Amino acid sequence: IRVGVYMDYQYLAGFFDGEGNINVLKIKGRFYLQLRFYNTERIVLDEIVGFLNVGKIYSRQREGANRIYELYITKREVIKKILTNLLPFLIIKKKHAQFVLDKIDLWPLTDSNFSKEEFQSFVTRKKNL
């Protein structure tokens, strides 16, 4: 169901700064990327999927907590396009996104060409403000 929300990369960057992250998974010695967006209202994630034409939404609920919806994007070329379009508008996660974009053509990475510690150093908001 489309609610007619105006969606563009500037809006998406603000949403991502507050309700998203870049996740790096290490599987069998290689690192893989995920872009993730979260919200307790599925409709906003449906709008993002409609705007991007990509992504899968999952739902989870912990005992005593609200249901949370998670939008995952895992294809490297799609992540590259999205981060490239978000970058001019990002504030909190700008360094994080630039770090990933600088290395994205090398993915999946290994310990020899990727520092998870350096990547994680951008996560703490206090360092970015």
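Helices and strands here are DSSP runs, at least four residues (H or I) for a helix and at least two (E) for a strand, numbered from the N terminus. With that in hand, show the whole chain as a cartoon: the protein has six helices and four strands. Trace them from the N terminus and you pass α-β-β-α-β-β-α-α-α-α.

**Colour by confidence**

This is a predicted model, so start with pLDDT. The protein averages 85, and 90% of its residues reach 70 or more. Select helix α1 (residues 9-19) for the highest mean among the elements, 96, then helix α6 (residues 125-128) for the lowest, 45. Stretch that second selection to residues 125-129: pLDDT stays under 50 there, and the model gives these residues 10 contacts beyond four places in sequence. Where pLDDT is low, predicted coordinates should not be read in detail.

**Into the core**

Now switch on the nonpolar side chains. The largest nonpolar core has 36 residues, and Ile22, Phe37, Leu45 and Ile48 have the most contacts inside it. At least two residues each come from α1, β1, β2 (30-39), α2 (42-52), β4 (67-73), α3 (76-86) and α4 (94-103). Which element supplies the largest share of this core? That is α1, with five residues.

Centre on Phe37 and show what surrounds this residue. Leaving out residues up to four places away in sequence, Phe37 touches Leu12, Phe15, Phe16, Glu19 and Gly20, then Leu45 and Ile48, and finally Tyr69, Glu70, Leu71 and Ile73. Keep Glu70 selected for the next stop.

**A buried acid and its partner**

Is Glu70 buried or exposed? Buried: its relative accessibility is 6%. Add Arg60 and you have a salt bridge, with the closest N and O atoms 2.1 Å apart. The pair links distant parts of the chain, Glu70 sitting in strand β4 and Arg60 in strand β3 (residues 56-61), 10 residues apart. Arg60 is partly exposed, at a relative accessible area of 30%.

**A network around Asp105**

The structure holds five salt bridges. For a linked set, select Arg76, Glu77, Lys80 and Asp105, which form a salt-bridge network. Zoom in on Asp105, which counts as exposed at 52% relative accessibility.

- Asp105 to Lys80: the closest N and O atoms are 2.9 Å apart. Asp105 lies in the loop between α4 and α5 and Lys80 in helix α3, so this pair ties together parts 25 residues apart in sequence.
- Asp105 to Arg76: here the closest N and O atoms are 3.9 Å apart. Arg76 is also in helix α3, so this bridge ties together parts 29 residues apart in sequence.

Check the surface on the helix side too: Arg76 is partly exposed at 31%, and Lys80 is partly exposed at 26%.

**Out to the surface**

Finish with a surface view. The protein exposes about 7800 Å², and carbon and sulfur atoms supply 51% of that. Select Leu25, Ile27 and Tyr32, which make a nonpolar patch of about 240 Å². Leu25 belongs to strand β1 (residues 20-27), and counts as partly exposed because its relative accessibility is 32%.

Before closing the session, zoom back out to the full chain. Of its 129 residues, 41% count as buried. Draw the contacts between residues at least 6 apart in sequence, and 58% of them join residues at least 24 apart.

Methods
Residues are numbered from 1 along each chain as its sequence is written. This is a predicted model: local features need pLDDT of at least 70, side-chain atom pairs count only at pLDDT 80 or more; totals for chains, interfaces and linings use all residues. Side-chain values use heavy atoms; hydrogens and water are left out. Patches are made of residues with over 30% relative accessible area and no salt bridge: like charges are joined within 9 Å, nonpolar side chains (Val, Leu, Ile, Met, Phe, Trp, Tyr) within 5 Å. Accessible areas come from the Shrake-Rupley method with a 1.4 Å probe; for residues, only the protein chains shown count as cover. A salt bridge is a side-chain nitrogen of Lys or Arg within 4 Å of a carboxyl oxygen of Asp or Glu. Buried means under 20% relative accessible area, exposed over 50%, partly exposed in between (1.4 Å probe, protein chains only). pLDDT is the predictor's confidence in each residue, from 0 to 100. Contact means heavy atoms within 4.5 Å. A nonpolar core is a set of buried Ala, Val, Leu, Ile, Met, Phe, Trp, Tyr and Cys residues joined through side-chain atoms within 4.5 Å.
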